[in-house]
Amino acid sequence: MTSKRVGIESSLAVSEAVRLANVDVIAAYPITPQTHIVESLAEMVANGYLDAEYIPVESEHSAMSACLGSCAVGARTFTATASQGLILMHEVLLVAASLRLPIVMAVANRALSGPLNIWGDHSDAMITRDAGWIQIFIENGQQAFDQTLCAFRIAEHPDVLLPTVINIDGFHVSHVIEPVYILDQKSVDEFLPPYKYPHPLDPDDPITMGCFAAPNLYTEARKALDASVRASKKVILDTWKKYGDLTGRYYNPVEKYKADGAETILVTMGSYSENAMIAIDDLQDEGKKIGLVRLRLWRPFPYEEVQEALSAAQNVIVLDRAISLGGPAPVCSEIRAALYTLDKKPQVASVVGGLGGRDISPDNFKTLIDLAMQKLKAGETQEIIMFGVRE
Amino acid sequence: METLAIYAPKLVTASDYIASGHRACSGCGEVLAVRYVCKALGRNTIISNATGCMEIVSTPLPETAWEVPWIHTLFENASAVASGIESGLKALKRKHGYTKEVKVVAMGGDGGTADIGLQSLSGALERGHDFIYVCFDNEAYMNTGIQRSSETPFGASTTTAPAGKLSMGQHTQKKNMPAIAAAHNIRYVATSCSSYPFDIMNKIEKAKQIKGPSYIHILSVCPTGWRSASNLTITMGRLAVETGIFPMYEIEDGKYTLNFDYPKLRPVEDYLKLQGRFRHLTKENTAEIQEHVLTEFNRIRMLAGKKIK
């Protein structure tokens, strides 16, 4: 394996991964902040660095719809979107999963209207949580590159055949220039086998895709899809192992940072984890028994790994970068559900913050942890802590 | 036409690509039209079908009536899916040694074409994908229970634009989809009707020869929604054409040709009186429809370079 370390915007690192994956079709509509990904892909196609059909569709709905078509004839297919674009696609996302079309998508996560806000948070990803896609979160440009390549291998694996999304925090990751190791073509070709869709639309072997299911079959169809999404974890773990062996960069569904033996564990997802790490370093230096756990695999939800990582702690503080209006914060609610069946469960505090691009600096994280600890000590864990809100 | 009818059936392929046993209503003109379209398309075809009657009657899991590769995903996106299929095949040919010559076809009803699917159709036509779009226009959302669409004709009563004490039903004129398609400067646009099998097949044959997008709008008689006798399906379509209500024409590279002209059009009354959806119309309403039909027919005649009679 050889790779080159370059300073590159994370969006462009994703495009490099897509180029190395030698995709056949890209269909995209310009919604900032994913725009740089598809702009650079368009440029590669225009200059012959990537041999692909680039479909400049007239909406995000059509972007994902075109992806259904190209994927169904057996072409390796990629798109990128964000925010309103992702929720405009929502209807089509469910079909991609139910037709078992292994489309790969990068989402530069950001807030949803209203009010209109173009900055980052996880609102868009949470709304599409139940669509049947494999969903992976990353924290920096290197991970964005690595996971985009892994996504093709996972999605297209004959035991999986499910669409896969890489969630990249809008602006905080997508627009940041970082050092990234870009793999060489030969290594990518060894890691990523050619796409071979088992049942393409083919006049020599005509199939019907997208039948309707009456009440006598719908439940079975949904059950089968759910089982497939859950079963995909095996291939995800295997792919990450292979990628780790190739590059030395290993990934796990749940990743711990100085969390062993910690009394209190902060749980984060996405790029704010890196600020949280700095806060954890400082707090440990001060002698506090606090660690960090980052959730990487969002769907299928890694119950066992979450239980393993958190069960020994007394306190868990979960940060959500999305709000479920009138309900529990989405990541926290799933963490709580995963812990509920344990005999000895930690107390869980739920914090919502970093909405619509608001920063949470390492110092902010310390304040956030203090606030949460007060609530945990007082046993007030029902209420969500809205961090940094000006009342 | 009369002499053609004697020998032409022998020239038509016996192969069908939509099998009998589908669940269309008796007297369905749309499924007849689909059958002729498929005959003319042949086996080297991939169909992207919008949600609607033809999807529902042909594919209850685990059955299918389709003998060509066929995909249904959603209501409003048949053209976008077709764009993806066409682009995917192009990439496969260029990069992976794919050699088959396949025609990509998107199809939908009037709602899936002129209402909810208009944006994705416009996008696909504008981008110039090599595909045929076929609109099977039965003039309302029949699959969901006869709700009005923008293709429902003036004066028709539907469940969402019903005739009542204060309403004569649909109060807007039929949206001119062929003109909208032609405004994308595509090479071939045509209208046809489920009662004219050879016309349908000839026009599909022409569209197949076009490299790039083409659009065919087929009036498809719907006894269920039109509240007409199911044994009059062929008659109804012919009356729509012979009264001038549905002109049959082609637009080739912008040039109009009127395929069926008559020294004297039949009165619209002949067509309207056989359908329950028009039963409430007054003499004044009928006169208004008659005047509009003549104006529109003369407009097409003029576009086709004919003298106004």
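In this predicted model, Met209 of chain A stands opposite Ile71 of chain B, a residue in strand β2(B). This pair belongs to a meeting of strands across the two chains: two bridges join strand β9 of chain A, residues 208–209, to β2(B), and the two strands run parallel.

The strand pairing leads on to the contact between the chains. Chain B contributes 40 residues to this contact, and chain A contributes 38 residues. On the side of chain B that touches chain A, at least two residues come from each of four elements: β1 (45–49), β2 (70–72), α4 (78–96) and α6 (118–127). Which of the elements of chain B gives the largest share of this side? Helix α4(B) does, with 14 residues. Sorted by class, the side of chain B that touches chain A holds 18 nonpolar residues, 15 polar ones and seven charged ones.

It is worth turning next to chain B as a whole. Its secondary structure comes to twelve helices and ten strands. The radius of gyration of chain B is 19 Å, close to the 19 Å that the globule rule gives for 309 residues, so chain B is as compact as a globular protein of that length. Measuring tape in mind, a student may picture the C-alpha trace of chain B as spanning about 65 × 45 × 40 Å along its principal axes. Of the 309 residues in chain B, 53% are buried. Contacts in chain B also link parts that lie well separated in the sequence: among those between residues at least 6 apart, 69% join residues at least 24 apart.

Chain A can be viewed through its domains. Domain 1 of chain A covers residues 3–247, and domain 2 of chain A covers residues 255–386. How many Å apart do the C-alpha centres of these two domains of chain A lie? The distance between them is 28 Å. Where the domains touch, domain 1 of chain A provides 26 residues and domain 2 of chain A provides 18 residues.

On the domain 1 side of this contact in chain A, α6 (123–127), β6 (134–137), β7 (164–169) and α9 (215–247) each supply at least two residues. Helix α9(A) gives the most to that side, with five residues. By class, the residues of domain 1 of chain A that touch domain 2 of chain A divide into eleven nonpolar, nine polar and six charged.

Technical notes
Residues are numbered from 1 along each chain as its sequence is written. Chains are lettered from A and ligands numbered from 1 in the order in which they are written. This is a predicted model: local features need pLDDT of at least 70, side-chain atom pairs count only at pLDDT 80 or more; totals for chains, interfaces and linings use all residues. Two residues are in contact if their C-beta atoms, placed from the backbone, lie within 7 Å. Ala, Val, Leu, Ile, Met, Phe, Trp, Tyr, Cys and Pro count as nonpolar, Asp, Glu, Lys and Arg as charged, and the others, Gly among them, as polar. Two strands pair if DSSP finds at least two bridges between them. Domain bounds come from an automatic or database domain assignment. The radius of gyration is taken over C-alpha atoms; the globule rule is 2.2 Å times the number of residues to the power 0.38. A residue is buried if 20 or more other C-beta atoms lie within 10 Å of its own, exposed if 12 or fewer, and partly exposed in between; C-beta atoms are placed from the backbone.
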